[in-house]
Amino acid sequence: MPSPRDAYDDLMRRCREWTLLQSCSAVLGWDQQTMMPRGGAGLRGEQTALLATLVHDRMVDPALADLLADVGGSEVVADPESWEAADVRELTKTVERAAKLPRRLVEELAKTTTAGQEAWVLARQANDFARFRPHLESILKLKREEAAAVGFVGEPYDALLDEYEPGTTAADIDTIFTPLTAELVPLIRAVADSGRRPKPGILDRDFPIDRQKLFAEGAAAAIGFRFTEGRLDTAAHPFCSGIGPGDCRLTTRYNPRQFNEAFFGVLHEAGHGIYEQNLPAERYGAPSAAYCSLGIHESQSRLWENQIGRGEAFWTHFYPRLQQAFPGTLDDVTRDDLLFAINAVKPSFIRVEADEATYNLHIALRFELERAMLTGDLAVADLPGAWNDRFLALFGLAVPSDNQGCLQDVHWSFGGLGYFPTYTLGNLYAAQFRGAASKLPSVDEQIAAGNFAPLTSWLKEHIHRRGRRFRAAELCRRATGDGLKPESFTHDYLREKLSRFYGVC
Ligand code: ZN
């Protein structure tokens, strides 16, 4: 029997090996979305399937359970807050989950969601829910099986949410979302009733793409994204891929008439990228060195995209530079005109185009419906009607068609039930982190002067460098002194902003 220390070292060597295999997959995935000729799709499918098998075989190796047994309860993990204890906690979870899922179910899920995604693309194009319906029914059936196999204390949703936001339950989300929704609905109505609007046409002008790219790269670098260890390319769907230490890839897409689309997209992905670049590289491959949760990851992107990137201090520094980057284009626009235009609140049908206030209602709606579908309280056949009724109640808008309603998102088609709440958690965590960091002396003055280092250093120390050593709730407590407090977002952040632009409070 190996010593506990040797067993631990063996486990970490194995984890590093499959993390390296996953990083190879990530390079191939990036290439597929940016560079690969269309003819390469077949070969790429085989390549990534092979890598996935190699990873899976390593994760289900029976030797892992024995090694974990050798380490468990030993002096290596005696301190429950140590990196080593976190490694063993996370690895045990991965191994146990993999062992509980029958191979047949994993294969069936892979097949069903591949077909589901194809069907979703066609159904959305044709605005024909009936085409997607049988696929969603099959996916739900399999996800219920998955939840039952993995196990849960409260309800099936918990088992799925745990994949994305470890340690959080549907009841936790409900406790956050119910009061959040009750507060946002009248607030958004008050914004509409205020009658105030930004000046029209501010954002719809000629913004040459090469200049947009230079300006966005300059901003990403200013807030702390290291281009010596990363790059920015063009792709149909913007993303950030943290391939590993020293290599992080961002993508965006440009609209030659609306600079704000790519610009805030780049800030968003750069926020993810800065997190990835500052994870504890010296522990690379260890389970504790990964990002904490999807909600925490999203907090980093939304903090830069919205809570800093749409703020007055940010544009005090960047507005003269924006005017210089596009000579003559914005001569008639003041900084405050621009600020109002990029912070406008307006209910709309499509989640990914939503503003900061209405965005969270889009998520609350999806959470309610996917939770009800999973328990069986809502039949898939009744989804479009339920969606439209709820949308009308929350937004005051009648959904004109399913492709602007329940068919708009890809998530359910790939089996991502339980994923949506992490977006709103990201908004809420971001506001709380920003609030804690802004207690540092003169953070806003520093940002207005173009110095982002104090904020980036705070995030690095309190969030990024901690990887997955703590669960999200504990990470938040250590960084801010409190568990998640949604009022940091609603009260301290959003209401202040809306009172400034719309006079509501
Ligand atoms: Zn994101």
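This note sets out several points on the predicted model shown above.

1. The zinc site. Three residues coordinate the zinc ion: His 268 and His 272, each through its NE2 atom, and Glu 298 through OE. The distances run from 2.1 to 2.4 Å. Along the sequence, these donors follow the spacing H-x3-H-x25-E. His 272 belongs to helix 10 (residues 259–277) and Glu 298 to helix 11 (residues 294–308), so that this pair, 26 residues apart, links distant parts of the chain.

2. Burial of two zinc donors. Are His 272 and Glu 298 buried or exposed? His 272 has a relative accessible area of 10% and is therefore buried, because the cut-off for burial is under 20%. Glu 298, at 8% relative accessibility, is buried as well.

3. The cavity. Rolling a probe the size of a water molecule over the atoms shows where empty space is left. In this model there is one cavity of 30 Å³ or more. The largest cavity has a volume of about 40 Å³. Its lining consists of Gln 212, Phe 215, Ala 216, Phe 259, Ala 262, Phe 263 and Phe 326. Two elements, helix 9 (209–223) and helix 10, each give two or more residues to that lining. Helix 10 thus appears both here and at the zinc site, where it holds His 272.

4. The second largest pocket. This pocket contains about 660 Å³ of space. It is lined by 28 residues, and those closest to its centre are Arg 434, Asp 444, Asp 492, Tyr 493 and Glu 496. Two or more lining residues come from each of helix 11, helix 12 (312–325), helix 16 (421–437), helix 17 (443–448) and helix 20. Which helix gives the most to the lining? Helix 20 does, with seven residues. Helix 11, which is among the contributors, is also the helix in which the zinc donor Glu 298 is found.

5. Phe 501 in helix 20. The helix that gives the most to the pocket lining spans residues 487–502 and includes Phe 501. Phe 501 has a relative accessibility of 9% and is buried, because this value falls under 20%. Setting aside residues up to four places away in sequence, Phe 501 touches Arg 196, Leu 339, Phe 340 and Asn 343. A further comparison concerns Ala 341: the C-alpha atoms of Phe 501 and Ala 341 are 9.8 Å apart in space, although 160 residues separate the two in sequence.

6. Arg 371 and its partner. Arg 371 is part of helix 14 (residues 356–375). With a relative accessible area of 19%, Arg 371 is buried, since the cut-off is under 20%. With which side chain does the side chain of Arg 371 make a polar contact? The partner is the side chain of Asp 174, at 3.2 Å. Beyond residues up to four places away in sequence, Arg 371 touches Glu 155, Tyr 157, Ala 170, Ala 171 and Asp 174.

7. Phe 391 in helix 15. Phe 391 lies within residues 383–395, which form helix 15. Its relative accessibility is 0%, so Phe 391 counts as buried. Apart from neighbours within four places in sequence, Phe 391 is in contact with Ser 348, Phe 349, His 362, Leu 365, Gly 396, Leu 397 and Val 399. Glu 155, which is among the residues touched by Arg 371, is 236 residues from Phe 391 along the chain, and their C-alpha atoms are separated by 25 Å.

8. The cysteines. How many disulfides does the structure hold? The number is zero. For Cys 24, the nearest cysteine sulfur is that of Cys 15, at 16 Å. For Cys 248, the nearest is that of Cys 240, at 3.8 Å. Cys 248 is nevertheless in no disulfide, because the two sulfur atoms would have to be within 2.5 Å. Cys 24 counts as partly exposed at 39% relative accessibility, whereas Cys 248 counts as buried at 2%.

9. A backbone angle in a loop. Asn 127 is located in the loop between helix 5 (103–126) and helix 6 (129–150). Its phi angle is near 50°, a positive value in a residue other than glycine. With a relative accessible area of 32%, Asn 127 is partly exposed.

Technical notes: Residues are numbered from 1 along each chain as its sequence is written. This is a predicted model: local features need pLDDT of at least 70, side-chain atom pairs count only at pLDDT 80 or more; totals for chains, interfaces and linings use all residues. Side-chain values use heavy atoms; hydrogens and water are left out. Helices (H or I, at least four residues) and strands (E, at least two) are DSSP runs, numbered from the N terminus. Buried means under 20% relative accessible area, exposed over 50%, partly exposed in between (1.4 Å probe, protein chains only). Contact means heavy atoms within 4.5 Å. A polar contact is a pair of N or O atoms within 3.5 Å; within protein, one must be able to donate a hydrogen and the other to accept it, and residues adjacent in sequence count only if both atoms are side-chain atoms. Donors are N, O and S atoms within 2.8 Å of the metal (3.2 Å for Na, K and Ca); water is not among the atoms, so sites may look incomplete. On a 1 Å grid over the protein atoms alone, a cavity is a set of points where a 1.4 Å probe fits but cannot get out, and a pocket is an open set with protein on both sides within 12 Å along at least five of seven lines; lining residues have an atom within 4 Å of a point. Grid points are joined across faces, edges and corners, and a volume is the space filled by probe spheres set on the points.
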